[in-house]
Every structure is written in structure tokens, then in C-alpha cells.
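Reader: I'm new to this one and would like to know how the labels people put on it are earned. Could you walk me through it?

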Amino acid sequence: MTSLWPRLEPLLPRVEKPARYIGCEDGARTNIYKPDATSWLLTYPDTYEIGLPNQGLQILYELLNERPDAFAERSYAPWTDMEEQMRSAQIPLFSVDTHRPAAEFDILAFNLSAELVFTNVLNCIDLAGLAVRADERDDADALIGAGGHCAYNPEPLADFVDFFVMGDGEEVIADITTAVDEWRQTGKPAGSRPTVLKALAQIPGVYVPSMYEVTYDGPDLVSIEPTDVDLPASIEKRTVADLADWPYPRSQLVPLTEVVHDRLNVEIFRGCTRGCRFCQAGMITRPVRERPASQVREMVSKGLERTGYDEVSLTSLSTADFSDIEEVVAETIDEPGTCGRVSISLPSLRVDAFTVGVAAQVSRARRTGLTFAPEAGSWRMRQIINKLVTEEDLYEAVRSAYSQGWHRMKLYFLTGLPSEMDEDTLAIADLAENCVAIGQQYTKKASVTVSLGGFVPKPHTPFQWFGQNEPEELRRKVELLRRRLKGNKRVQLKWHSPEASTAEGITSRGDRRIGRVIEHVWRHGGTFQEWSEHFDLTLWEQAMAASNLDIGWYVHRHRDENETLPWDHIHAGLHKDFLWQDWQDALAGFGLEDCRWTPCYDCGACTEYGIEHVVASPIPPNGGSQGTGQDLTIGHIVPVELRPRATVGGTQ
Amino acid sequence: MRLRIRFSKLGKVRFVGHRDVARIVERGLRRCGVPFTYSEGFSPRVRMSFGLALPTCYESVAEYLDVPLNPESIEDGYIACTGWGEGKSYNEQEMQEALSQALPAGFDVVALTLEPKGGNSLQETVISCGWRFDIPGADANSVEEAIERTLQSSEIETERKKKNKLVREDIRYGIHDLRFDGQSERGPVVIAELSAKPRVIRPSELVDVLAPGAEMGIARRTHQWIEHEGQRQEPLLPSTSPQLKEYTT
């Protein structure tokens, strides 16, 4: 075991935020080296501040280090100034726990939580001193693995990653460790790599792209099929049935330097069945699995005492939907150890007075920001995306917030949604202005921030067939709204770069040919593409042109029902015909109720795997399954029709 | 009443910045249940005041911190803890040990007293700091000679950046003590006392004088000096046998 620390230490005074590279967190393991065990380097391909709080990585870190046959350390993408120092001093990527070189580990496992980090994955592999292309790596080289939400369309990274993992990692890491351990014990001789790859490919939930062949017919994808009869044609995701069995992380890492979400994080449930049609996370993490309230309380109380934090976030995709949320919040506030000074953050999708009521209770200690996500401006549009929040719900929530002392709130919206018309976009302004008007009844300072994101269709969602808006169109819509809101100083408009949405579109629904594009962007210096100061669409355009691929075909084209999609061989449980039906319902303006409390729609997430929702309460929350009390069966006829757009200068 | 705390920052944690140290200490105080007080206002903060900020990358055995306490929780020299320490009551020495244990490796409380509030803040009263640092790769003889030359000069001009402009400035007035102290495994070791008023002079400025072109090695703040009734003294002396936790260098 070698430590790079003596060589690293002199570089640190030369870089920004050197504490990113020292480790030393409370909860970090420094005496974990086991000479005869399979070693994992869990790598987050973005900065330390973004990567450290990642709960998935922390859960795996603990689980692996509890095993006698494995140990795990962590690594994060060095910022550009540090990369420059490392490259000129010939120092490879290292773990922050013991500063060992990355290439000494058996497995480099990446967390993929956003598509724009893909070029950083290549950069990290390269910094580790390994060949970026899987077929150019030596037999004994570290295996490159990847998991996380973006692994559900693995094809764009298929050329670089040895194996992908679909779904929850808690159980599958044991199977992977066993397979890799066998390989490690043979001494990794020449010719042994295909054997370990095949062993990995036979583990349920694991996909080894080099063992799957892609067939095209001109530009069209025909099939992705295993080259070996022993391998499954369809890769099924892994799902842990009951979160109660996994009270992790037990000792959340407490960093010495400030990171995002710098507080105690306790996951209270996994999965979501609200069915928002744009939301990939909600689709791929089904079914809902709630942690028992008593376990939540214990994790909160022990976690706060151990860490000294005065803030806890109860995390999930929609926290106000947790069956016992009011009780859990009340008991957290009344926990004597916190002296009534704890703040609780509740990331939630619900937009109603109930949520504000809980939030107000929470902010007895310290007032935190309040954010609502109506996602679309008009009711017609919200039915299409199945975000069934009525204007009255929003106004009630906003009234409740202003009347309880909040002065400002944030509203999240998407633009570029299917069949969106200008009146839908402009309805965002009406909503925002009405919210301010309500606020002014309570405070002179009332204001609203509107945050606008360009919609990028995601795999395994009902919108996977939709042609994304072109950046010009997104910019036009932003401009429309900006002009409409100009002069209103109480509504502040912020928007996400339409150009970045295009690059995200290329990678999110790309196929294996996009690998060349990612490599091109990376080779031309395109790292940290999530960061606006480093993002450059020109790089992506040049890369697409160099690979003779068309952005319009990949990003802006509507797909039809029979098209083979690059992720058809990856199965998140959802039946493709369920998704297609939901897409048709969307276009017809039909909403779909949350299935936690209504009959099953047979989306596949439960029935395919013989599991069920785990909810503490059989009764839907106040206001019906969406908290709205709306009759959802009455749809609208959509006044526009979606037609596949002609390919612009299609070159394939 | 308040707690006056002297603590150390050693090893890898020297790369943690000053603002982050404040957050680390706050979490430590909370874990112990120290009955601290909060500021008023919309977003109340724990009341704490530090001595002179330590530049990132520097070690120290002489960091200072004042924490005003809730007067109701003090009786006969004992501090009654709240929160996670509810039910516990500590004297100064016990408090020092408990707080030290609650801080991450590399940070240790080396002295702690319970004293009346009042007087000027630490930041205002510190007049100079003691330092010990090495200069990797520099030649010991020439550093020794440069030290002699510096002490004999009446003026030492250095360049530094001020609002993006290079300004030349005499720092000789701020060098109270300067000595050669042998060799570390990296290079010659220098001991210095540098003034904190009217501005803080850093060891890195001296490196430019003693070994032009060389980089600073590891610097450690050894003292912060205040003036009390005409006498130069430290706000707190390290307790006789502070127990340091194991830390990584």
C-alpha cells in the first residue's frame, strides 16, 4: 500500500479549497486496508463539495467496509487547478481516505447522477492512469463500474465502463465483491478479464456492455443483444424490498469543509408513485418503500448527537407524502438534545397548505427557504405532465406561507414540455404575479423567484418519445416570459442555460455511438460540463459533427411507438406499453392518480418483481391522493398534435 | 461568564480554512452540550469570537476562542450542560477534556478557562504572533546569513499584492524576533515573532526575504501575544498536560 500524501502535500497550498483533498471527515475510515480483500474506490465524478454528501456512495462505503472480504475508499474529481498540478507532478487520481493511487484498487465505481458528468468519468479514468476505452485496458487493470440514475441508459458510456449496475446497490455489491474476489485470487493473469466480466454479467442487475452487440440499420438502432447464450437479453434492476433492513448510513460523514447539503440527511423513503411524467427518478425507483417511523426517529436522534449538526433533512422524492410526517417532524423538534434549535428541511413535491403547515412547525427554530414546484403554468399543462396541482392549491399554500411570516418563495417550472403553447408559458407569469399579490396582503416585502428549466426528456419515462425543444425555441420562451415579467420587480426570473439542455439531451437519450462524442469533448478539454464557467456547447456540436451524428436526430426528433430505444434492454420494471399508454394519456390530457392508495395500473414496478409498496398508512393524505381532491378522470382534448419532425439534414 | 479556549490545529487539517474551523468548533460545542448563547435576529447564530484568523495551510498550537455562556448554567465553577450533554456538569478541566474529545482529530483543546466577560476582543488585543516554519530545499547557510542580514538592516522592502496592485512595503518594523533553528527533513527551520499591528505580517512574506524563489514549507503558529498592563503575555498558557488525540500528518 502506497500513500501519495508526501507528494501531494506540497501541491495543496497552490490550489483553491485544499481541504477538498485531505479526507479526515468524521466517520471516514483510515485503518481499513485489508491486504487480502477486494478493494473498491467509490468515485464521484464531480467536485468534493457536490460528491461528499451523496447518500448512495456513503451507504456503499459503510456496507463494503463492514465486510471481511472487501474495503472501500472514496475519490472525487479534482478541480481543474488541482488536475493541472497533479498532471505536471505526475500524480494519479487518489483516494481521500488514505491517498492511495486509484489504479491500485480492484474496482473504480462511479456514481452517475447527471449526464453532464460523463466527460469527468473519462477524465477520472485517465487520471487514474488507465486507458479510457474498456477494450484498451489490460487484463489486470482495475475494473470500471458505474451505477446511479444515469446508468439506466448506459449506452453512451458503454465504450468506457466495464460494468453497470441498475437499481439499489445495497445487495448487489455483495455479489460483485464475490465475483471480483475470485478473479483477484487467481492473480488476474493474462486472458482472465473476459472470465470476470462474464461472471459479472451473470449477476442480476449487472450489465456488461462489451458482451452485448449493437445492430444498426442506417441511422436506426435495430437491437442490442447478448453475444453469449448464458447472458440475459434484458437486464432487470435490483430493488431492496424493505428499507427497514438497511438503516444506512449509520455514521454519516461529517466533512471538515463546507459542502452542499451540509447537514444530517436521513432517507425516509425510496420511490415515488405520484407519476409525474417528466420525472425519471419517480419512474425508476418504484415502488414506494417507507422506512418505519421509529427507525427514522432513531436515525435522526443518534445522527444529530453524533455529528453536532443543528439541521436535518428528511430526504425522499416527496417528503410530505411520508405517512407519519407530522409526527416525525414534531418528535424531532421536541427531541430534548436539540434544545428546540434544530431546523428540518423537507424536500417535497406537494404543493398545498398541509406542506406549509409542516414547514411552519419546522421553522420554529430557524426560518428556511420555501420552494414550490408547480412545474407548469397552466392546469392543462399540469395535467399533461401529471403534476396535478391546481391553482387553488398553490394559492392556498402561498397564502398560508405569507400569513405565517415568509416574505419570499421560490417557484420551479419547466418549459419546453410536450404540446406547450405560448399561453402555457405565459401562465407561469400569471401564477407568479398572483402569488405576489396574495403575499402583499400580508407583507410589503412579498416577492417570488421563478426558476425556469428547459425540459430534457429522460429514458424510462412516458416522455421518452418526445422531441426536445431546440435551444432557439427554449430561448424564445424564456424571452417571452422575461418580457412579460419585465417591470415587475417583485418577480425575479432565473433560467437554466438552453445550450446545456441540448448537451444533456445528447447524452440522456444517446446510443452507443455517442461514446465517440463524449470522448471527443473530453479530449478537447470539456470537463466539468455541469459548471457554467466550463460548459461549452460548441465542443459538443463539433464532436457530433466529427462523429457524423446529427443533434436534431438525437435530441429534437419525436420517436414513434415501434422504434427500438437504446435502453430497451434495460428494465426498470416498467412495461413499455404502460409507458406508451401513459404518453398517449398525457397527450389527451388525462391525469393518473397516485397508485399508493388507488388500484394498481400494472406499470410493472411491483408485479414484475413480486414486491409491494411499503406504506405505514392505508389512508391517503388529507385532500386525496394528490393532495388536491380533484376528479382526475376528466381530461381535455389537446389542441395541438405532435408529429414526428423531419430530420434536418440527416446525416447518418 | 465565558469560556476562553486555546486549541491546536495540527497535521492534515491545516488545510481547513478559518470559516470552516468555526463550523467545526460549533458542532463540537453542540455535541458536548456547552450552554452557549445565540445572537438576536432573523437567523440567530451561536455567539463565538475567535482570535486572529489563521491562514489556510498553517498549523497552530495557539488558536483562541471566546464563547459567552448562559449565566444560569454556571454554579460554583461548574458548567451545567444542556442538549446532548443534559445532566452533565463539568469543571474547567473536565470541560477541556470533553470538548477536545468532541473535536475531529487534529484539533485539540490545550487550555480552557471560565472567566468573566468583558475587555477588548481577542482580535483587537493581539499585538504579535510567534511562528515556526521550514523552507523546503533552501540552503541552511544562506538562510542563516539572510537572517543575520535582516536583523542588521533598518529596512526590509517586500512586494505584496494589494487590491491587484503590487506595492512595495517595509516590513522590518514588524519583525520582532528571527532565529535559525536547525533543519527539518524538508529544510532549514526558522523561528519568528511577527507583528499583528497595524497589519498581520505572514511567515510567507519572510520566506521571500530569506530564500527568494523558495516556497513555504509547514508553518506553525506557536503564540499569539497580547499586552496586559504593559506586559507581553499569552491570553492562556497550555495546561500542564493536554492530551492530544492521534492525528494524521
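**How the labels are earned**

Author: Let's start on one side of a helix: N141(B), E148(B), R149(B) and Q152(B) of α4(B) are exposed, on the side away from its buried residues. Exposed means that 12 or fewer other C-beta atoms lie within 10 Å of the residue's own, buried means 20 or more, and partly exposed is in between, with C-beta atoms placed from the backbone. Bear in mind that this is a predicted model, where local features need pLDDT of at least 70, side-chain atom pairs count only at pLDDT 80 or more, and totals for chains, interfaces and linings use all residues. Residues are numbered from 1 along each chain as its sequence is written, while chains are lettered from A and ligands numbered from 1 in the order in which they are written.

Reader: Which residues of α4(B) are buried, and what puts them on the same side?

Author: V143(B), A146(B) and I147(B) are the buried ones. They share a side of α4(B) because they cover an arc of only 105 degrees around the axis, the arc being that of the directions from the helix axis to the C-beta atoms. The buried residues of α4(B) pack against β11 (175-183), β12 (188-195) and α5 (203-210) of chain B.

Reader: What makes α4(B) a helix, and how does its reach fit the expected span?

Author: Helices are DSSP runs of H or I with at least four residues, strands are runs of E with at least two, and both are numbered from the N terminus. Helix α4(B) covers residues 140-152, so 13 residues clear that bar of four. From first C-alpha to last α4(B) reaches 19 Å, close to the expected 18 Å; the expected span is 1.5 Å times one less than the number of residues.

Reader: Why is G118(B) called exposed?

Author: G118(B) has 6 other C-beta atoms within 10 Å, and the limit is 12 or fewer, so G118(B) counts as exposed. You'll find G118(B) in the loop between β7 (107-115) and α3 (122-125) of chain B.

Reader: How do you know that β7(A) and β8(A) pair?

Author: Pairing takes at least two bridges found by DSSP. There are 6 bridges joining β7(A) to β8(A), which run antiparallel, so the pair qualifies. One example is Y216(A), whose bridge partner in β8(A) is L221(A). The two strands form a hairpin with 2 residues between them, and G218(A) in the turn has a positive phi of about 65 degrees.

Reader: Why are β4 and β6 of chain B at the edges of their sheet?

Author: The open sheet of 3 strands has the order β4-β5-β6 in chain B, with antiparallel pairing. β4 (74-75) and β6 (89-90) each have a single partner strand, so one side of each is left without a neighbour in the sheet. β5(B) and β6(B) pair over 2 bridges, and I79(B) has Y90(B) as its bridge partner in β6(B).

Reader: What does "in contact" mean, and how many residues of domain 1 of chain A touch domain 2 of chain A?

Author: Two residues are in contact if their C-beta atoms, placed from the backbone, lie within 7 Å. In chain A, 23 residues of domain 1 are in contact with 25 residues of domain 2. The largest share of the domain 1 side, 4 residues, comes from β8(A). An automatic or database assignment supplies the domain bounds, here 5-227 for domain 1 and 263-513 + 549-588 for domain 2 of chain A.
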